[in-house]
Each structure stands twice: as C-alpha cells, then as structure tokens.
Protein chains: 2
Amino acid sequence: MTVLPLTPDELLTTTRSVRKRLDLTRPVPMDLITECLQISLQSPSGGNQQGWHWMVITDPDTRAAIGELYRRSTERYLAARAQAMSGPGGPAPDSPEAKTMRRIRESSAYLGEHMGEVPVQVIACIEVNAPWEAGGNQAGLWGSVLPAAWSYMLAARARELGTAWTTLHLVYEKEAAEILGLPGNIRQGVLIPTAYYTGETFRPAPRRPVQEVMHINRW
Amino acid sequence: MTVLPLTPDELLTTTRSVRKRLDLTRPVPMDLITECLQISLQSPSGGNQQGWHWMVITDPDTRAAIGELYRRSTERYLAARAQAMSGPGGPAPDSPEAKTMRRIRESSAYLGEHMGEVPVQVIACIEVNAPWEAGGNQAGLWGSVLPAAWSYMLAARARELGTAWTTLHLVYEKEAAEILGLPGNIRQGVLIPTAYYTGETFRPAPRRPVQEVMHINRW
C-alpha cells in the first residue's frame with residue numbers, strides 16, 4: 001500500500017473533486033477503503049461523541065440503485081442550474097467564470113450518468129438524537145461528521161484514489177435510506193464515489209481570492 | 001514560515017482539538033492565518049459556489065465579547081453534560097470512557113474560561129440563499145464550508161499552531177453576528193480558536209474501532 005509523499009500543503013491544495021477520471025473497471029481493495037476510514041476517524045466530533053457511520057457500497061445492484069437516485073437528482077439540478085446561468089444574474093457566456101461552470105456542469109452530468117458504476121460509493125452518516133423538523137442551525141451536527149468525510153477524501157487522494165464530494169442524492173435521502181436499511185435516527189451527509197484516478201496529476205484550482213472572503217474583526 | 005514535513009497520514013491523524021495548550025500571550029502573525037485560509041479555499045464547495053466567509057478576530061475587545069458568549073454557552077453545556085454523564089445511561093465512573101470524558105470536560109471548561117484571550121478567533125461562515133426555518137437536511141449547505149474549516153485546522157497544525165473545533169457559541173449565534181456586523185444571510189458554522197501550541201507533540205487519539213462504524217452494502 002503506497003502513500004504518496006505529499007507535503008501537507010500539497011495534500012490540502014490538490015485534492016480535487018474527481019467526476020470523470022474515475023476508473024470504473026478497476027476494483028478498489030476493501031483494505032484500502034478501511035485504511036482511509038480509519039484515518040478519517042481521527043477527525044474531531046462534537047463532544048468526542050463519534051456518532052458517525054459509514055456506508056461502504058460495493059454490491060453492483062446496490063450501487064446501481066443509489067446511482068439511479070443520483071442520476072435523477074443530477075438531472076433536476078443541472079436543469080435548474082442551466083436556467084439560473086442563462087438568466088440575468090448569470091455570468092457572461094465568454095467569461096472565465098462561465099467556462100469553469102460549463103466544465104463543472106459537463107463533469108457533473110458525466111458523474112450523474114455513471115455513479116452506479118463507480119466501484120465504491122461511501123456515504124458518511126451521523127446519528128441524530130432529536131428530529132430536526134423544527135429548523136435551526138445544524139452546523140454542530142454536521143461538524144461531527146463532515147470533517148471526517150473530508151479527511152477520508154484526503155487520505156484517499158494520497159493513495160492515488162479519486163473521490164468527489166456530492167450531496168445531490170440527498171433529495172432522495174429517504175429512498176436511499178430504504179435501499180441501505182438505515183435506522184430512522186441515521187442521517188446522510190455526503191456521498192463520496194471512490195475509484196482509482198485515471199488522470200495524470202492533481203493541481204490546485206482557481207478560487208476566489210482569499211481577500212474577498214476574509215474579514216478582519218468586523219464584516 | 002516553516003511547514004512541518006508531515007506525511008499525509010501523520011497530518012490527518014495528529015491534528016487534535018487543542019483546548020489547553022494554546023499560547024495565550026504570543027501573537028500569531030496575520031500572514032500565517034491568511035496562508036492557512038488560502039490553503040483551505042482549495043476544499044470543495046457545493047457547485048463550486050465558494051460562498052464561504054471567514055471572520056478573523058484579533059481585536060482584544062471583540063475577542064473578549066465573543067469569549068463571553070462562549071463562556072456562557074460552555075457553562076450551560078458542561079452542566080447539562082455532567083447531568084447526562086451521572087445518569088443511568090452514562091459510563092461507569094472508573095471506565096476509560098468516563099476518564100476520557102472527564103479530560104475533555106476539564107479542557108472544555110478551560111477553553112470556556114479563556115476563549116476571549118486566545119490571540120486569534122476564526123469563525124467559518126456560509127452565505128445562505130433561503131431561510132431554513134422549514135427544517136430539513138442542511139448537509140449540502142454545511143458541506144460547502146466545513147471541509148474548508150477542517151483544512152484550515154490541518155494547515156495550521158502543519159505550522160505548529162494549535163486549534164480546536166467548537167460550535168458551542170452558536171447558541172448565541174445572533175449575538176455574535178451583531179458583535180461582528182454580519183449581514184442577515186451569513187450563518188456561522190464553527191469557531192476555531194488559533195494560537196501557538198505549547199505542548200510537545202501531537203499523537204493519534206483513541207477512537208471507536210472502524211469496524212463498529214463501517215457498514216458494507218447494508219446497515
């Protein structure tokens with residue numbers, strides 16, 4: 001099992017969402033997934049409760065069933081997004097921003113079609129004690145599993161696996177819970193397709209400058 | 001600016017929540033914070049929207065004001081937790097679990113008292129488009145900022161800074177928003193006290209075994 005000799009900064013700046021360059025034919029050993037999950041469990045969780053649960057889906061029929069939910073949700077999402085993009089608030093068609101968005105749309109559409117074929121689907125879940133129908137800020141709850149999910153992706157990247165962070169299937173969270181036999185107090189946070197990466201290298205991506213999003217002492 | 005030569009696995013398994021071993025007297029250069037934030041912005045966000053915002057608080061009065069909210073919330077939380085611990089569902093007083101919980105309670109109480117003195121408080125925020133009073137799963141929203149917040153902590157750890165993940169102040173989210181002048185569409189996700197680390201080394205922590213939280217194909 002090789003772990004790439006990445007520096008902390010390389011690791012943190014080159015773990016991209018891989019949607020197209022996923023090897024759909026090469027199986028990923030379960031040991032490798034277990035190792036990445038084991039590492040992820042060193043992340044913080046509220047009050048150190050460790051209420052996380054990880055669904056690891058390799059069975060072809062189950063993957064296909066989750067994939068179908070994902071396909072439907074992606075289709076809806078992309079249609080809504082295309083409409084928003086072409087509206088008055090959207091970027092000019094020739095702008096770099098529009099170009100990036102087209103690229104993401106294209107790769108999202110690809111993943112939407114192929115999610116069911118990705119060799120391993122990982123769903124990060126969390127145990128909830130109370131119903132959340134009342135609304136309110138759920139950052140405390142999600143802070144108890146999403147950092148671990150991100151650590152899983154970082155550990156996977158260091159093992160030459162490609163992953164993507166996606167929550168589109170949550171539109172059909174109930175249907176997915178039925179497929180997976182989840183108890184009623186388990187909620188799903190993120191779906192992470194995992195496969196060997198077929199691209200060459202990972203690079204940092206363009207981002208909004210930090211100065212635009214950093215506020216010192218007061219907004 | 002030195003970045004420790006940590007392997008990916010070392011980085012991911014030794015970034016602990018530091019509550020007591022924070023140097024409250026040594027200032028942290030703003031460049032160091034900016035660098036950690038810049039790295040964190042390479043994390044995924046829903047539809048690559050990058051709707052994150054980062055409050056970086058160094059002004060002593062503002063820190064003290066946030067610290068006071070945090071102190072009150074910690075006090076309430078620890079009182080409730082102590083009651084739950086001593087109840088019939090709690091661990092036996094001599095168990096390793098109870099010992100860990102006592103240690104966390106002690107360090108949480110310490111941070112509750114000293115949050116206002118930590119040289120830098122960072123609050124990771126996210127822009128919301130719709131009110132969430134209706135309830136429902138907010139994992140999509142929080143997945144657009146909490147991975148970046150965790151990357152910030154990982155980048156900080158590689159720079160010999162100690163940080164902690166805490167959401168206790170969110171009980172007083174509105175009061176904090178007023179202190180910081182946040183617009184109404186900005187919600188707070190996590191408060192990360194940041195300071196030079198005064199301990200010796202960081203080590204992996206005991207955790208529930210991965211086998212207990214990993215479910216293959218079906219719960």
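**Helix 4 of chain B, its sheet, and chain A**

Colleague: How do you know that the span of helix 4 of chain B agrees with its number of residues?

Modeller: This is a predicted model, and the check is a simple one. Helix 4 of chain B runs over residues 96-114, 19 residues in all, and at 1.5 Å a residue it should span 27 Å. The C-alpha atoms at its ends are 27 Å apart, so expectation and model agree.

Colleague: Which residues of helix 4 of chain B are called buried, and why?

Modeller: They are Ser108(B), Leu111(B) and Gly112(B). The word applies because a residue counts as buried once 20 or more other C-beta atoms lie within 10 Å of its own.

Colleague: What makes you say that these buried residues line one face of the helix?

Modeller: Look down the axis of helix 4 of chain B: the buried residues fall within an arc of 100°, so they line one face. The face turned away from that buried side carries exposed residues, namely Pro96(B), Lys99(B) and Glu106(B).

Colleague: And what covers the buried residues of helix 4 of chain B?

Modeller: The cover includes helix 3 (60-86) and strand 4 (186-196), both of chain B.

Colleague: Strand 4 of chain B belongs to a sheet. What is the order of the strands there?

Modeller: Happy to spell it out: the order is 5(A)-1(B)-2(B)-4(B)-3(B), an open sheet of five strands with mixed pairing.

Colleague: Why are two of its strands called edge strands?

Modeller: Strand 5 (214-216) of chain A and strand 3 (161-163) of chain B each pair on one side only. Pairing takes at least two bridges, and strands 3 and 4 of chain B have three, in the antiparallel sense, so they count as a pair. Within strand 4 of chain B, Ala195(B) is the bridge partner of Gly162(B).

Colleague: How are neighbouring strands of this sheet turned, and which helix lies across strands of chain B?

Modeller: On average, neighbours are turned by 25° against each other, direction ignored. Helix 6 (residues 146-157) of chain B lies across strands 1, 2, 3 and 4 of that chain, running at about 5° to strand 4.

Colleague: Turning to chain A, how do you know that its radius of gyration agrees with that of a compact globule?

Modeller: For 219 residues, a compact globule would have a radius of gyration near 17 Å; chain A has 18 Å, which agrees. Its C-alpha trace spans about 45 × 45 × 40 Å along the principal axes, and 42% of its residues are buried.

Colleague: How many helices and strands does chain A have?

Modeller: Eight helices and five strands.

Definitions and conventions: Residues numbered from 1 in each chain as written. Chains lettered and ligands numbered in written order. Predicted model: local features only at pLDDT ≥ 70, side-chain atom pairs only at ≥ 80, totals over all residues. Helix = DSSP H or I, 4+ residues; strand = E, 2+ residues; numbered from the N terminus. Expected span 1.5 Å × (residues − 1). Buried ≥ 20, exposed ≤ 12 C-beta atoms within 10 Å, placed from the backbone. Arc of directions from axis to C-beta. Contact = placed C-beta atoms within 7 Å. Axes fitted to C-alpha atoms, helices over the stretch in contact; angles between N-to-C directions. Rg over C-alpha atoms; globule rule 2.2 N^0.38 Å.
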